[in-house]
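Visitor: Hello! I am new to protein structures, and I would like to learn how to read one. Could you show it to me and take me through it feature by feature?

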Amino acid sequence: MRVGIGYDIHRFEEGRRLVLGGVEIDGETGLAGHSDADVLLHAIIDALLGAAALGDTGRHFPPDDPQWKDASSLDLLARTLALLGEAGFAVENVDATVIAEQPRLAPHIPAMRQHIAETLDIAAGRVNVKATTHEGLGAIGRGEGIAAMAVATLREQAQTAEIDTRA
């Protein structure tokens, strides 16, 4: 078993749509970013890549590469799953927390879990998404952005490829 941790944060930006966990939340200001700025999926991607010792989101999907401009983070997650498979790993589970003062996320969490599970080709029961606030403290508490943390576990497949740990 391998364990990885991920973290991401984005500030709000007028004129952008808000996407979290692959779910568009209507009527809310979106997050600044090169892709769709899905902070939850970015944290999950980093956790998955970290568990496999494959670097981070910026290494595989650099923000200065036009190829990723406005990209769906669900597509980035699917590409990450392919990288994991090539390296000989399968996803065991994902646990993530979104930190935001607003919007209220509880009604959207079942759909987020389903999108993540489908993209990772695992049962929804292996994906957990939680939401909390920052209790009014700091930039997130002032409503300037949203952050997310994630932990992922991977299992090695029978024929694990060699991983270049020099990167």
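Guide: Gladly! Let us begin inside the sheet: Thr97 has Met149 as its bridge partner in β5. One thing to keep in mind is that this is a predicted model.

Visitor: How many bridges join β3 to β5, and do the strands run parallel or antiparallel?

Guide: To read a strand pair, look for the bridges and then for the direction of each strand. Here β3 and β5 run antiparallel and are joined by 10 bridges.

Visitor: Which sense does the pairing of β1 and β5 have?

Guide: That pairing is antiparallel too, over 10 bridges, with β5 covering residues 145–156. You can trace it through single partners: Gly4 is matched with Ala152 in β5, and Arg11 has Gly145 as its partner in that strand.

Visitor: What joins β1 to β2?

Guide: There are 5 bridges between β1 and β2 (residues 23–31), and the two strands run antiparallel. One partnership to find on screen is Val19 with Glu24 of β2. The two strands form a hairpin with 2 residues between them, and Gly21 there takes a positive phi near 60°.

Visitor: Which strand runs parallel to β3?

Guide: That is β4, residues 127–132, joined to β3 (residues 89–99) by 6 bridges. Between β3 and β4, the chain passes through helix α4 (residues 109–120), and this β-α-β crossover is right-handed. For a bridge to look at, take Ala96, whose partner in β4 is Val129.

Visitor: You mentioned a positive phi in a glycine. Which residues other than glycine have a positive phi?

Guide: Let me show you two examples. Ala53 has a phi near 55°, a positive value in a residue other than glycine. Ala53 sits in the loop between α1 and α2. The other example is Asp70, with a positive phi near 60°, and Asp70 lies in the loop between α2 and α3.

Visitor: Are those two residues buried or exposed?

Guide: For this we read the relative accessible area: buried means under 20%, exposed means over 50%, and partly exposed lies in between. Ala53 is at 33% relative accessibility, so Ala53 counts as partly exposed. Asp70 is at 47%, and therefore Asp70 counts as partly exposed as well.

Visitor: Where is Gln67, and how should I read its surroundings?

Guide: Gln67 is in the loop between α2 and α3, the latter being residues 73–86. Its relative accessible area is 47%, so Gln67 is partly exposed. Now compare sequence with space: Gln67 and His34 are 33 residues apart along the sequence, and their C-alpha atoms are 9.9 Å apart.

Visitor: Why does Leu84 count as buried?

Guide: Leu84 counts as buried because its relative accessibility is 0%. You will find Leu84 in helix α3. Here is another pair for comparing sequence with space: Leu84 and Glu156 are 72 residues apart in sequence and 9.7 Å apart in space, C-alpha to C-alpha.

Visitor: How do I read a peptide bond, and which one is cis?

Guide: Look at the omega angle. The bond from Gln102 to Pro103 is cis, with omega near 5°. Pro103 belongs to the loop between β3 and α4.

Visitor: How many aromatic pairs does the structure hold?

Guide: It holds 1 aromatic pair. Phe61 and Trp68 make up this pair, with 5.0 Å from centre to centre and 90° between the planes. Planes over 60 degrees apart count as edge-to-face, so this pair is edge-to-face. Both Phe61 and Trp68 are buried.

Visitor: How can one find empty space in a protein?

Guide: Rolling a probe the size of a water molecule over the atoms shows where empty space is left. In this model, the largest pocket has a volume of about 260 Å³.

Visitor: Which residues lie nearest the centre of the largest pocket?

Guide: They are His10, His42, Thr57, Phe61 and Pro63, out of 15 residues that line the pocket. Phe61 is a residue you have met already, in the aromatic pair with Trp68. By class, the lining has 5 nonpolar, 7 polar and 3 charged residues. To place the lining in the fold, look at β1 (2–20), α1 (39–51) and α2 (57–60), each of which supplies at least two of its residues.

Note on methods
Residues numbered from 1 in each chain as written. Predicted model: local features only at pLDDT ≥ 70, side-chain atom pairs only at ≥ 80, totals over all residues. Heavy atoms only, no water. Phe/Tyr/Trp six-rings, centres within 6.5 Å; stacked < 30°, edge-to-face > 60°. Buried < 20%, exposed > 50% of the residue type's maximum accessible area, 1.4 Å probe, protein only. 1 Å grid on protein atoms, 1.4 Å probe; cavity = no way out; pocket = protein on both sides within 12 Å on 5 of 7 lines; lining within 4 Å. Points joined across faces, edges and corners; volume = space filled by probe spheres on them. Helix = DSSP H or I, 4+ residues; strand = E, 2+ residues; numbered from the N terminus. Nonpolar A, V, L, I, M, F, W, Y, C, P; charged D, E, K, R; others polar. Pairing = 2+ DSSP bridges. Right-handed = clockwise from strand over helix to strand, strands pointing away.
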